[in-house]
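Please walk through this model with me, from its sheet to a single arginine.

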Amino acid sequence: MKTFSVLLVAALALACGSRSGDDGWAAEVDGVKIPASELRRLVDERADDDPNKKREDVASDVLQRLVNDQVVLNHAKERGIEVTLADVEARLRDLHGADWKDPDPQYRERVRREMILERTALADLGARARAPESSLHAYYEEHRADYMTPVRVQMRQIVVAERPKAEELRAQLEKGADFAELARANSIGPEAAEGGVLPPFAKGQMPEAFDRAFELEPGQISVVIASPYGFHLFRVESKLPVHEATYDEVREKIAVELTERTLDELRREWVRDLRKKAEIRVNDRVLETLQ
């Protein structure tokens with residue numbers, strides 16, 4: 001079967017077997033047409049993101065990707081690889097949280113297509129992409145520092161809009177008032193309802209003012225600290241020491257990372273081979289409108 005390589009828009013136009021008057025499709029892969037509207041939408045998005053790039057080059061890149069995706073989608077259909085609505089909803093919950101809602105069916109369709117592309121690549125290439133245990137161990141030893149968790153503090157805070165209010169609250173704390181109760185009653189921070197408790201954090205992970213917490217010992221209350229968000233009082237609950245993750249703790253994460261890296265390398269040759277077996281036509285009339 002004849003294969004057309006999408007390099008430049010001009011080359012695409014020459015590669016087209018015949019000029020078509022139907023502007024509803026941009027390319028056809030083994031009888032499946034890629035809508036011209038999808039090409040135009042993606043070209044417009046990419047052109048906005050990179051205004052210095054020539055529009056015809058953007059169109060060439062986008063069409064190349066659309067054709068590659070369709071080649072893989074056709075292959076997935078031959079192999080019987082499917083993604084159900086339930087699969088898509090599970091992915092959306094992972095991406096956006098359990099309460100996320102969006103009625104846009106086009107977005108769900110794009111997610112479904114991406115999942116099919118992922119599953120098909122894994123089905124064909126997964127066994128070759130899996131790293132042996134020795135490689136996982138070697139990667140862990142080489143990157144041990146990446147799996148170190150620095151010293152962190154667990155603390156509560158009260159934040160108010162005015163310094164006099166903060167000084168008044170600090171005086172109450174010195175007399176034995178309960179920090180969590182004062183936070184619930186007075187703090188304007190989003191964590192007030194939980195008694196001002198914040199998730200553990202390391203130096204540099206929060207706004208600069210919060211690094212003052214590392215000067216405190218557990219149970220100690222800070223002076224009033226000013227920041228762009230207001231006037232803060234901190235009380236350190238505990239300090240969490242440095243933690244170096246063991247191999248067993250991070251093995252799965254390393255395996256996924258190395259598999260994805262190898263998959264990326266294998267996928268390019270795999271798609272090229274699939275394209276060689278596909279019949280691809282390009283609608284040069286549509287491409288000319290994108291120059």
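What follows covers the sheet, the helices on it and one loop residue.

This is a predicted model: local features need pLDDT of at least 70, side-chain atom pairs count only at pLDDT 80 or more, and totals for chains, interfaces and linings use all residues. Residues are numbered from 1 along each chain as its sequence is written, and side-chain values use heavy atoms, with hydrogens and water left out.

Start with the sheet. Four strands form an open sheet in the order 5-4-7-6, with antiparallel pairing. Strand 5 and strand 6 stand at the edges with a single partner strand each, so one side of each has no neighbour in the sheet. Strands here are DSSP E runs of at least two residues, helices are H or I runs of at least four, and both are numbered from the N terminus. Two strands pair if DSSP finds at least two bridges between them.

Strand 4 (residues 152-160) and strand 7 (residues 230-240) run antiparallel, joined by nine bridges. Arg156 stands opposite Arg235 in strand 7.

Now add the helices. Helix 7 (residues 163-174) packs on the sheet and touches strand 4, strand 6 and strand 7. Its direction makes about 40° with that of strand 7. Helix 8 (residues 179-186) also packs on the sheet, touching strand 4 and strand 7. The direction of helix 8 makes about 45° with that of strand 4. Contact means heavy atoms within 4.5 Å. Axes are lines fitted to C-alpha atoms, for helices over the stretch in contact, and angles run from 0 to 180 degrees between N-to-C directions.

Last, Arg212. Arg212 lies in the loop between strand 5 (201-202) and strand 6 (225-227). Arg212 touches Val223 and Ile225, not counting residues up to four places away in sequence.
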